[in-house]
Every structure is written in structure tokens, then in C-alpha cells.
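Here is my notebook on a structure that may be new to you. Have a look around it first, then read along with me.

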Amino acid sequence: MLPRIFFLNPDSSLLSAGCGEAHLVRGTGDLPGALVKEGTPPAFRYFGGSRFDGGAEVGQEWADFGGHFFVLPQLELIYTADQATPVQQQEQGDPEWEQRSTGDNKRSNLQNRTFTFAVNVKAGFEDGWSGALARAVQAVQGMRVTYGMERELPAPISMGNGTTYEDWKSSVERALNELGKGGEFKKVVLSRNFFVQFGSDVEPLDLLLKLRAHNGYLFCLQPSSHAAFLGCSPEPLFRISHDVIETMAISGTRPRGSTPETDDALAQELLASEKDKYENGVTTKYIQEQLQAVATEVKTSDIFVMKLQHVQHICRRISARHAQVVGASARGTPIGLLMTLNPTPAVCGESRPMATQFIRQAERFDRGFFGGPVGFVSATVCEFLVAIRSVLCQPRTLHIYAGAGIVPGSDPAAEWEETTLKMRNIKQLVVSPQPLRSLPNINTLWAALVVEELCRCGVTKFVVCPG
């Protein structure tokens, strides 16, 4: 049943897996400001997202998504933190939203929790409640619930860069030349794409399952059988709950070290880098200025390092108190704030109009929803992520995307390597495995099988003792 959605936030306080449509909001222009009508029950959550650049030409691979795509699922399996029993709440504690992208992986906590199966019904204009209820009953009766082992992805038959290094270098050098002129153009985020081709169809949910060990958001939007957009983004765009707006400025990247000592050294190098701190400062200032227009008590944390599986980033937490009642102002609504903040300098640049125009001229592919907002909105709460560390999944093709911020002092080769690191989350899942028969002895075979199984279970660090 289509469309399909999946959303899991970093602290596992909300998980939703849904299919079908009780109500679909889709179009080519701007999002409607009143996406959730007054009087809508708080339990109704519309999941979806929108394009990074609504003014860019739409690539054929993104045609099924439109300019924006939000759906109230007809059938929905849900876990929310307020469903937890007292024991579970004590176990979970009271985690701050700002701590969701730390190194602790809490995914396994979901195994012993109670989920709610919901059937969402919204009366249609043509057939009213009777028609909507009949469709919902038909959907439930047509359900086929199966449970099976995690499936391996088919072996890739080819893979390669969509963007060549020569084109990348040329674009970075042109950006540096423009940035060197001074003025309002302070930063631009350039991205590139990578293709993987398969000989048989890839099931998007099989790919999504293999990303579950990563910290951050886990998401999937599948509007049709021809395309699904999914990923494991570490970056929140914003959340509004109880009139508090929370977000984060994330810019500046280093790889993770192979030992604790090298890892800490790379983190200190990142914190000492004037170029990376400047890049983060551009994003922080932009978010602060946008929030000051719709909120009070805008607060910014000290700089810190967020450590992910393959990379680490400079971050600042930003919070504010919503100054207006939702619906009183276009900019004060969740969708209004989404359109105001997105895209941030972390994925676009500064100034936004100049960076957007440069990106349109420099990149030879359509970003689509990559770098755009993905999340949900309800009558009382909304939460959106920035859709990075993501992939467009077509039946036999993966389009993998990654970007890097270009500021004065950027080096084309270093930025290329940064995008390579950011693609590892996806690319490592589709690398052709080494045939077991090629391993030299039984000990190596046994070690390979054990480590591979531990990796599937989310283990990321190993101590290997020869002999």
C-alpha cells in the first residue's frame, strides 16, 4: 500500500511507520501555511517534506515527489514517549532534545515498548464520512502482516561518480573566486552525486533497516513504487513543542579517528580550525536572526563537537520561546518557520539568494529533497530534520548525495574527501562483499563472520588480538 512513510527521531521518543493516505497534500508551489487545519486532532500527524530549491528545474528522478509532499497515513504503527509505562519512563529518563545526536545509541530500547496501531480517517469532499470509513475498513481487511529475517541487498553491477572531480574542482575554484570579492556572498554549499546500479530491484525498507544502527534521525518517504527518499540525518532543522523552538547549527567536519587518541586529536583540530568555526558561525548567525523575528529569549550554547559513526561536526544548540500563537502570523506557523529557515547556510550558503543562484549554475543534477526539510507537523507539535546523509532509491538505481561548505580557505581536494566521508553511511552498504572462499584460513573466516554479525547489530568498535 502506498505511499509509505517512516520517521524515528534520535532519542526514540517518536516512531511512526505508515502507509496509504487518509489525506494527501501535494503540489509544485509553496507549502500551504495552514497544512494542519484548525480543529485537527493532535494525534493526526502529517509526514513529508519539500524540495531543497523550489525554483530549480525538477529532475525526472524526483517527479513523483512534486514540490512538496505531506501525507496523513491511513494505517499507522506508532510509538510515542507518552505511551511509556512508569518503568519505561524511569528507564528512559527525561532526555533533552539537544542530546539526541550523542554517541549513545538507544535504538534497542524500542524492542520492549508498546506500540499503537492507528487507522486515520478524514472525510472526503465527494463521499464524506461513509466513503472514508469504507476505504479505511477495506485497507485494514487487506492487510497482510509478515515477519522475516533482514534481507541482503542485491549485488551492485556498477557504481561511479555522477559529478567528476574535474567538474567539482572547477566549481569550487569559481566559488572561491566569487567569495574572494567580499560583500554578502560569504559561503556556498556545493554537493555531488554518486550512482549505484543493480541487476535486480532494491526494496527501500531493506536499505532503511541497514541504517538503523546510526545515531540521528531515520526517515523514509515513498510516494510511489518507483522512488523512495531515505536516510539517517544527524541534523535537526527545528522542533516546536510547548511553545519552545529548538534547533542546532551544524557545520565543519572531520573524520572519526581509528583510536580514541587520534579521534580526540581530530576533534581538537576541528575546534582549532578558524575556517570551520567561521563556517559554523555563518549558520549560527543566520538561525539566530530568523528566530528573532518570531520568537523571544533566543539562546545559543557554547561550541561543541558532535561525534557520529564516520564523521564529527562542530555544533551549537539554539533555543527560543515562540512569541506568537500558532496561526497568528504566516512566519509564526510551523510551515512558515520551515520556509523561513530552510535552506540554512549549513546546506545552502550565505546570502541564501546568491548561494542558491550559484548552486543552480554549478550543479548539473537536481538535488530534489536532498538538503530539504523532512519531518511531521500536527496541531500541537512539529519536528523537522535537514535531509542529509540520504539517498534516492529507485528500483535498480541509488542516487547518493553529499555536500561540503565552501568558504575562503577551502581546498577542492579536501572538500571532495569530506563528501566521500559523508557518503560512507550508504556506500558501505552496497560494496561488493569479499567472497568467503577467498579468505586464507578458517580463523580469518570465523573472525569475518563474527565481526560482520556484530556490525549488523550496531557494534562500531573492536579490539582485535592477533594469535
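These entries follow a helix, then the cavities, then a single loop residue.

**Entry: helix α3**

I am working with a predicted model, and I keep that in mind throughout. I began with α3, which runs over residues 165-179. Does its length fit its residue count, or what span should I expect? At 1.5 Å a residue, its 15 residues should span 21 Å. I looked up the end C-alpha atoms and found them 21 Å apart, which agrees.

Next I asked which residues of α3 are buried. They are W168, S171, V172, A175 and L179. These buried residues cover an arc of only 100 degrees around the axis, which puts them on the same side of α3. A general point helps here: an α-helix has 3.6 residues a turn, so residues three or four places apart point the same way.

Then I wanted to know what covers the buried residues of α3. The cover includes two strands, β9 (187-198) and β21 (397-406). It also includes two helices, α8 (352-362) and α9 (412-427).

**Entry: the largest cavity**

How many cavities of 30 Å³ or more does a search of the whole structure find? I noted four. The largest cavity holds about 250 Å³ of space. It is lined by 23 residues, and the closest to its centre are A346, I388, R389, G403 and K422.

I was glad to meet some elements from the α3 entry again. β9, β21 and α9 each supply at least two residues of this lining, and so does β13 (244-255). The largest share, five residues, comes from β21. By class, I wrote down nine nonpolar, eight polar and six charged residues for the lining of the largest cavity.

**Entry: the second largest cavity**

This cavity has a volume of about 100 Å³. Its lining residues include H214, N215, C232 and P234, and also the run L308, Q309, H310 and V311. R389, L421, K422 and N425 line it too. Which helix gives the largest share of this lining? It is α9, with three residues. The lining of the second largest cavity divides into five nonpolar, five polar and two charged residues.

**Entry: A81**

My last stop was a loop. A81 sits between β6 (75-80) and α1 (86-92). Is A81 buried or partly exposed? Its relative accessible area is 24%, and buried means under 20%, so A81 counts as partly exposed. I also looked up S12: A81 and S12 are 69 residues apart in sequence, yet their C-alpha atoms are 7.8 Å apart in space.

Key:
Residues numbered from 1 in each chain as written. Predicted model: local features only at pLDDT ≥ 70, side-chain atom pairs only at ≥ 80, totals over all residues. Heavy atoms only, no water. Helix = DSSP H or I, 4+ residues; strand = E, 2+ residues; numbered from the N terminus. Expected span 1.5 Å × (residues − 1). Buried < 20%, exposed > 50% of the residue type's maximum accessible area, 1.4 Å probe, protein only. Arc of directions from axis to C-beta. Contact = heavy atoms within 4.5 Å. 1 Å grid on protein atoms, 1.4 Å probe; cavity = no way out; pocket = protein on both sides within 12 Å on 5 of 7 lines; lining within 4 Å. Points joined across faces, edges and corners; volume = space filled by probe spheres on them. Nonpolar A, V, L, I, M, F, W, Y, C, P; charged D, E, K, R; others polar.
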